[in-house]
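Visitor: I am new here and would like to look around. Could you show me the structure and let me ask how you know things?

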Amino acid sequence: ILRIKYRPEPNDECYTACLWANFDLDMTTDTLTITSDCGTFSYGYWDVGPGGFLRFLCGLDEDYLLGKLAKESEFDLDATLDGMKESLEEADEYSAGKIKRLIQDLRKKMEYRDENGQSEYGALVEWNDEYDLGMCDLFDAVYYDYPAYAKRIVRIFIDQIQPKIREIMKAGELLETREQL
């Protein structure tokens, strides 16, 4: 297992976002485990191909890794409202003023849904029924995003850890070349 420690300096812009993290790369099981003050994340058993686990990790992009380490579990109010506004505009039945009022009311319903004991979906259905909008497939109209802490740790991996892995790989290649001479 190769452990890469992340310890930002106090003047680092991400210092308060993540004070420490350990990135453990298990070469036997091809598993990445991250333990940090942002949370604990793990994913493994990838088909890494002929280049090996380190090379595979260097090729990961942010979206792919985020999808493997976390779930879209945070309600995204703005994306949900934008989607509903777009649906209302496409219907060509409502004036711009009416759409604005409908969206403002939906925002209020969504912001107070917890106090009313409703889910995001429940508040959306109530709004749809209250105004007799006749919108279908509302379950798909509720948007979720990845938690901020998961985005943060993946950004650290991309910006800080991948370059370190590349350095380690390059040092290993130099060592192999010297041993062959």
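Guide: Gladly! Let us begin in a loop: Asp 92 sits between α3 (77-91) and α4 (96-111). Please keep in mind that this is a predicted model.

Visitor: Why is Asp 92 called exposed?

Guide: Its relative accessible area is 70%. Exposed means over 50%, so Asp 92 earns the word. Asp 92 also has a positive phi of about 55 degrees, although it is not a glycine.

Visitor: And Asp 30, is that one buried or exposed, and how do you know?

Guide: Asp 30 has a relative accessible area of 16%. The cut-off for buried is under 20%, so Asp 30 counts as buried. You will find Asp 30 in the loop between β2 (21-26) and β3 (31-36). Its phi is positive too, at about 50 degrees, and Asp 30 is not a glycine either.

Visitor: What makes a group of residues a nonpolar core?

Guide: The members must be buried residues of nonpolar kinds such as Leu, Ile and Phe, joined through side-chain atoms within 4.5 Å. The largest such core here has 31 residues, and Phe 23, Leu 25 and Ile 165 are among those with the most contacts inside it.

Visitor: Which element supplies the largest share of this core?

Guide: That is α6, with nine residues. Elements that each give at least two include β1 (2-6), β2, β3 and α1 (53-58). Apart from this core lies another, of 18 residues, including Phe 75 and Ala 141.

Visitor: Which residues does Leu 25 touch?

Guide: Leaving out residues up to four places away in sequence, Leu 25 touches several, among them Ile 4, Leu 32, Leu 57 and Ile 165.

Methods
Residues are numbered from 1 along each chain as its sequence is written. This is a predicted model: local features need pLDDT of at least 70, side-chain atom pairs count only at pLDDT 80 or more; totals for chains, interfaces and linings use all residues. Side-chain values use heavy atoms; hydrogens and water are left out. Helices (H or I, at least four residues) and strands (E, at least two) are DSSP runs, numbered from the N terminus. Buried means under 20% relative accessible area, exposed over 50%, partly exposed in between (1.4 Å probe, protein chains only). Contact means heavy atoms within 4.5 Å.
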